[in-house]
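Dear colleague,

I am passing on the structure below, followed by some notes on what was found in it. Please read them with the coordinates open.

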Amino acid sequence: MKCPGVWGMLTVTMCVVFLGCPQAQELQGHVSVILLGATGDLAKKYLWQGLFQLFLDEAGKGHSFSFHGAALTAPKQGQELMAKALESLSCPRDMAPSRCAELQAQFLRLSRYRQLKTAEDYQALGRDIEAQVQQEGLREAGRMFYFSVPPFAYADIARNINSSCRPGPGAWLRVVLEKPFGHDHLSAQQLATELGSFFQEEEMYRVDHYLGKQAVAQILPFRDQNRRALDSLWNRHHVERVEIIMKETVDAEGRTSFYEEYGVIRDTLQNHLTEILTLVAMELPANVSCSEAVLRHKLQAFRALRRLQRGSAVVGQYQTYSEQVRRELRKPAGSPSLTPTFAGVLVHVDNLRWEGVPFILMSGKALDERVGYVRVLFKNQAFCTQSEKHWAPAQSRCLPRQIIFYIGHGELGHPAVLVSRNLFRPFLPAQSWREVEDRPGLQLFGRPLSDFYAFSPVKERDAYSILLSHIFHARKESFVPTEHLLASWVFWTPLLESLAREVPRLYPGGADSGRLLDFEFSGSHLSFSLGQPEQLVPGPGSTPRPSDFQVLSAKYRESPLISAWPDELISKLASDIEAAAVQAVRRVGTFHLALSGGSSPIALFQQLASGHYGFPWAHTHLWLVDERCVPLSDPESNFQGLQAHLLQHVRVPYYNIHPMPVNLHQRLCAEEDQGAQAYASEISALVTNCSFDLVLLGMGTDGHTASLFPQSPTGLDGEQLVVLTESPSRPHQRMSLSLPLINRAKKVAVLVMGRTKRDITLLVSRVGREPKKWPISGVLPTSGQLVWYMDYEAFLG
């Protein structure tokens with residue numbers, strides 16, 4: 001064996017420097033593995049088999065092992081339970097039975113049970129490991145502690161390991177933690193702080209077992225190995241949407257105590273599906289083998305996630321769940337659970353690569369099939385003249401174009417990576433992935449398997465065996481660091497809090513659910529496609545909760561009324577404005593929108609700015625309904641509020657923005673400057689028939705709207721389009737569109753929010769058309785539509 005010369009060593013050193021990714025040094029020697037919770041379900045189903053696979057992979061490479069199964073159970077009973085768990089160990093299919101039996105026997109000799117209950121027990125464990133290393137003349141490489149125990153036990157165990165079981169200098173310590181990692185941001189922060197007082201960040205490995213699933217673990221390597229084909233496609237210009245799905249046919253029976261505390265969002269979306277999302281959305285580092293770089297780029301993806309709102313999610317619950325909870329947890333009859341067992345969530349990533357691309361996360365129990373997949377669906381603007389029967393899968397641009405990381409189960413039945421043949425032929429390493437043969441009759445996402453380049457693993461491996469290997473080799477990119485964990489909880493906690501009193505949609509379960517759980521989205525708002533059927537409405541004796549009602553449609557002053565909680569109301573109004581804009585631009589090429597100022601529209605401006613990437617801003621003209629007579633840069637200026645919350649965030653041509661000319665010749669609203677007439681002339685020149693496509697108004701507690709006040713009859717009738725008015729509050733001078741001009745609009749939307757508006761809402765509902773007393777009562781478009789948007793507090797008090 002040749003030793004590397006100076007130039008060889010220098011080359012290695014320079015590579016490490018330039019890549020910025022020092023490789024973990026693997027010390028050969030003795031490794032002690034301590035499995036806490038060794039007699040539990042997770043250990044029996046996965047962990048002992050994973051540790052046996054680790055032994056098979058590494059024992060012949062210069063390492064020696066000892067395996068300590070630990071639990072609170074007394075030694076004799078614990079040893080019996082552990083021996084039973086070890087009976088099911090299996091070898092790879094290609095291993096000779098005799099060799100398998102030999103290795104199983106070796107593993108059993110190296111595995112022993114011990115009770116770990118007191119501080120003295122941990123001290124004894126530390127002494128025994130040191131004694132074994134010294135007696136056998138071994139050099140200690142490190143110790144791995146796997147916490148397969150509930151999180152409430154973490155702190156005591158961590159304290160004991162830190163004080164009694166740390167290895168000596170030169171050996172590593174790796175502590176493996178199972179989810180759940182907290183219940184919300186605060187509890188996760190507390191748990192992280194507690195563990196951080198005992199362990200260094202590099203010593204902790206938080207397991208999300210989905211990161212060990214073969215199809216999930218292939219996402220980054222696939223993106224890296226196919227950079228040339230994907231670089232131009234993996235962005236908002238080409239991706240229509242991304243679906244990250246985990247469906248289960250089983251329900252929560254036997255696990256309702258866990259589910260009552262966590263629910264489906266905490267159980268699967270906050271961890272598994274969010275981790276997958278970051279693998280799809282993150283920027284690729286130059287070296288995907290560099291743990292440090294991968295984790296840094298993943299964190300950037302976490303921080304680019306747009307804040308979730310109440311309208312970002314739909315939740316459901318299978319019909320027998322509440323009864324299971326009452327039975328298993330011995331709760332009184334008639335106490336329904338609000339815990340969701342199904343959730344669909346719409347996520348957006350606010351960066352240049354993914355702006356406007358919907359990421360759909362969905363998971364649920366008692367559904368029609370068991371399957372998990374990540375589906376990247378590409379836009380398709382092609383039209384093929386010939387009928388579909390003549391389309392060639394490898395050539396036709398009209399076939400769906402998609403990349404699917406098929407996690408498992410479902411129609412296919414095994415992990416796979418699938419790429420539409422009309423995209424490109426992908427590269428996957430032949431030693432670990434092989435091309436799948438066609439299976440006539442099999443349909444995936446509506447297409448035959450022959451439409452895809454399909455690859456499956458050469459050898460299927462359990463997620464835990466993969467992750468244990470990564471822990472052993474200190475590959476941190478497959479685990480959840482503290483900073484990532486807290487970033488995820490920052491993202492999810494506000495939504496969880498807003499859904500805490502949400503009544504989930506009931507569904508029968510399995511195929512009987514039909515289309516009940518189908519949902520659709522517009523902008524950043526997501527809703528069920530079908531209304532709730534009557535038979536699932538709470539029965540006699542049930543008291544409806546406010547959250548039973550999402551959006552209530554009714555009449556107010558003989559005009560349509562839409563009422564909802566504030567978030568849903570704003571989302572609905574924003575979607576309606578976008579729909580009106582798209583329709584107007586399609587019809588005549590421009591959209592003229594007049595907006596009121598004040599505090600109520602701020603949430604609407606923010607929603608339009610962040611959630612409506614399909615809005616035709618380039619063809620939209622923005623006008624002011626009213627303005628205070630202050631400089632446009634003044635914080636009290638309506639234009640300044642519009643600028644801060646909307647204009648600086650969207651791409652509206654500057655010549656399409658029309659502030660009111662309240663500050664002319666260094667004077668404010670001087671009649672001789674004829675600012676009102678100038679604005680009226682601008683409207684006449686640009687707005688056909690002076691008919692705005694949509695005017696947004698509010699309603700004051702005195703019944704005023706725009707800057708038309710009861711005490712000031714100016715602008716309530718006559719020929720003037722724009723008027724100067726007097727407000728009872730400072731600043732007194734205002735400029736406003738007149739009531740006749742407002743009533744020329746094709747649509748007028750009146751937004752009324754807050755409990756302080758309840759009295760005026762009730763009063764105005766009873767009066768006729770008396771604009772001199774209540775200017776809002778004079779709003780009635782002559783040939784257009786008036787729609788009222790009220791939140792529940794304004795409408796119901």
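**The sheet**

Strand 1 (residues 30-36) and strand 4 (residues 140-147) run parallel and are joined by seven bridges. One of the pairings puts I34 opposite F145, its bridge partner in strand 4. Please keep in mind that this is a predicted model.

Both strands belong to an open sheet of six strands, with parallel pairing and the order 3-2-1-4-5-6. Strand 3 (111-115) and strand 6 (204-207) are the edge strands, each pairing on one side only. From one strand to the next, the twist averages 20 degrees. Helix 3 (residues 75-86) packs on this sheet, where it touches strand 2 (64-71) and strand 3. The direction of helix 3 makes about 145 degrees with that of strand 3.

**The nonpolar cores**

The largest nonpolar core has 124 residues. Those with the most contacts inside it are L36, F147, F199, F359, I403, L418 and W492. Helix 11 (residues 256-281) supplies the largest share of this core, ten residues. Another core, of 80 residues, lies apart from it and includes L561, L604, F605 and V787.

Which residues does L418 contact, leaving aside its neighbours within four places in sequence? They are Q402, I403, I404, Y406, L412, L444, L449, F452, Y453 and A454. One of these, I403, is also listed with L418 among the residues with the most contacts inside the largest core.

Regards

How values were computed
Residues are numbered from 1 along each chain as its sequence is written. This is a predicted model: local features need pLDDT of at least 70, side-chain atom pairs count only at pLDDT 80 or more; totals for chains, interfaces and linings use all residues. Side-chain values use heavy atoms; hydrogens and water are left out. A nonpolar core is a set of buried Ala, Val, Leu, Ile, Met, Phe, Trp, Tyr and Cys residues joined through side-chain atoms within 4.5 Å. Buried means under 20% relative accessible area, exposed over 50%, partly exposed in between (1.4 Å probe, protein chains only). Helices (H or I, at least four residues) and strands (E, at least two) are DSSP runs, numbered from the N terminus. Contact means heavy atoms within 4.5 Å. Two strands pair if DSSP finds at least two bridges between them. Axes are lines fitted to C-alpha atoms, for helices over the stretch in contact, and angles run from 0 to 180 degrees between N-to-C directions.
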